[in-house]
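Biologist: I have the sequence and the structure open side by side. Could you take me through how the pieces pack together?

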Amino acid sequence: MPDRPGIKKPGRGLSFLPRMDYPDLFDGLPLGVFAIDRDQRITAFNRQAQKLTGLTPQEAIGAPCTRIFQGGDCRHDCPFADLFDTHVPPSRKEMTLQNTRGAHLRVSMKTAALTDSFGQITGGIASFARSLGPLNRTMPLNGPDTFEGMVGQSPAMKAIFEKLPDIAKSPVSVLITGESGTGKDMVARAIHNLSDRKENPFQVVNCSALSETLLESELFGHEKGAFTDAAYAKPGRFELAAGGTFFLDEIGDMKSSLQVKFLRVLEQKEFERVGSDRTLKMTARIIAATHHNLAHEDSGFRPDLYYRLRTIPLHLPPLRDRKEDIPRLVDHFITAFNHQYNKQVRLLDPAVQALFLDYDWPGNVRELARVMEHAFVFVKGPIIFLRYLPENPAFHMARDQKKTLARPVSEKERITRALEKTGQKRAAAAQLLGMSRSTLWRKMKLFGLPG
């Protein structure tokens, strides 16, 4: 048949919705399958998808796919993004999803376009199944020193953990501050999970990752034709987060013109899509985070917005100020990476333990995780030695300082210095000295040191 003038040929996508045309085949597939429209709302959901997610088709159909898969990394790495933007289906992706029971599932996902008879993309379809690979490093934590997936036995972290249930009960805005890598996103997620909004969406936007124009469209949504590339209407994250929690990471990077618009949303609890005069209600709870000092006059951040956001301020301490948490974090990463890399690592060499406690960790928990993962790539046996750590000049400096600490005038002075360096924490001091806690306690009594 000759091509019709002005009509595109059908593309590589599928031109049907399986559930409508072949319901028995669709539900009988061994893979989880769902379809979405151009607004990323679920239009079809098969029986295997129900088994994997715990959601019925009645609960899923009509909901945004971000709500269905809100527990995973599809918020940051949407498998449909390239498909809709470039019409090129991505290769198979490994993703982590969370089912209705709170369990994290590692799945392998493949997407394809849904097209009409003229090749125009009308939506997408995805198939997914449990991956044979191990769960990634975001696997939940368990133990006496954990809270909602976070590790902390230090007084500072325990104080934060005690506040979170009360904060979760309230709808007011929260501002989380702290250096990069301290876990601000995990605190935001914990507040959501502890709240009565936990069944509703948890939406995330990183304000530093998008230009001002793209960020405005991402937050508020836009109507078709609102700007040059607006080929179709798109709901914003404010809209998709309805009834749930909206987390704005690195809000200190938001431009001043957009700060004004965001302040109006906070104060009036309403907004409009870009290119629309229809007012929508803001029903999501706002949590923001930054590593900047927004109170500083040179920050470029509006004081009125700053004080409106920090109804409840939370500050996460850097890892160098809570070194007593390092042994427990190390235990967690050993468990997680043993699972991921199929290894049987049991512990750190005492020299590595001492180095970890002596190092200041400018990248905080995120840096510790990367150092541990680097070691797991090369470790051959049950113990992580210094030779498996990354080549980092700061490590060598910390090792030199440790050697100085290890050669004091007397053993009493050596113990005294170790206790001072660890804030009088005997467990951390014992690790730094390479001895057991009982040996340290016996020697402290021998030398008349206060305990």
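Modeller: Keeping in mind that this is a predicted model, I would begin with helix 9 (residues 212–220) and helix 11 (residues 256–268), whose axes come within 10 Å and cross at roughly 15°.

Biologist: How are helix 9 and helix 11 oriented to each other, roughly parallel or roughly antiparallel?

Modeller: Angles under 35 degrees count as roughly parallel, and helix 9 and helix 11 are therefore roughly parallel to each other. The crossing of helix 9 and helix 11 is left-handed. On the helix 9 side the contact is made by Glu212, Leu215, Glu216, Leu219 and Phe220, and on the helix 11 side by Ser257, Leu258, Lys261 and Val265.

Biologist: And what about helix 13 and helix 15, at what angle do they pack?

Modeller: Helix 13 (residues 326–341) and helix 15 (residues 364–378) pack at about 45°, and their axes are 10 Å apart. That makes helix 13 oblique to helix 15. Their crossing is right-handed, and the residues in contact include Leu329, Phe333 and Phe337 of helix 13, together with Leu368, Met372 and Phe376 of helix 15.

Biologist: Switching to the sheet, what is the strand order?

Modeller: The order is 9-12-15-8-16, with five strands forming an open sheet in which the pairing is parallel. Strand 9 and strand 16 (312–315) are the edge strands, each pairing on one side only, and the twist from one strand to the next averages 20°. Helix 7 (residues 155–169) packs on this sheet, where it touches strand 8 (174–177), strand 15 (285–290) and strand 16, and its direction makes about 155° with that of strand 16.

Biologist: Strand 9 sits at an edge, so how many of its residues are buried?

Modeller: Four of the five residues of strand 9 (residues 202–206) are buried, so this strand is largely enclosed by the rest of the structure. Strand 9 pairs with strand 12 (residues 245–249) in the parallel sense over five bridges. Within that pairing, Val204 stands opposite Phe247 in strand 12, while the bridge partner of Gln203 in strand 12 is Phe246.

Biologist: Now the charged side chains: how many salt bridges are there?

Modeller: The count comes to 16 salt bridges. One of them is between the side chains of Glu239 and Arg273, at 3.0 Å from N to O. Glu239 lies in helix 10 (residues 237–240) and Arg273 in the loop between strand 13 (270–272) and strand 14 (279–281), so this pair ties together parts that are 34 residues apart in sequence. Arg273 is buried, with a relative accessible area of 13%.

Biologist: Which residue does Glu270 pair with, and where does that partner lie?

Modeller: Glu270 forms a salt bridge with Lys281, their closest N and O atoms being 3.7 Å apart. Glu270 is in strand 13 and Lys281 in strand 14, eleven residues apart. Lys281 is exposed, with a relative accessible area of 61%.

Biologist: And Asp358, what does it pair with?

Modeller: Asp358 forms a salt bridge with Lys421, and the closest N and O atoms are 3.5 Å apart. Asp358 lies in helix 14 (residues 350–358) and Lys421 in helix 17 (residues 411–421), so the pair ties together parts that are 63 residues apart in sequence. At 5% relative accessibility Asp358 counts as buried, whereas Lys421, at 44%, counts as partly exposed.

Biologist: Which residues are joined into a network by salt bridges that share partners?

Modeller: Arg264, Glu270, Glu272 and Lys281 are joined into one network in that way.

Terms used
Residues numbered from 1 in each chain as written. Predicted model: local features only at pLDDT ≥ 70, side-chain atom pairs only at ≥ 80, totals over all residues. Heavy atoms only, no water. Salt bridge = Lys/Arg side-chain N within 4 Å of Asp/Glu carboxyl O. Helix = DSSP H or I, 4+ residues; strand = E, 2+ residues; numbered from the N terminus. Buried < 20%, exposed > 50% of the residue type's maximum accessible area, 1.4 Å probe, protein only. Pairing = 2+ DSSP bridges. Axes fitted to C-alpha atoms, helices over the stretch in contact; angles between N-to-C directions. Parallel < 35°, antiparallel > 145°, perpendicular 65-115°, else oblique. Left-handed = near helix turned anticlockwise from the far one by under 90°. Contact = heavy atoms within 4.5 Å.
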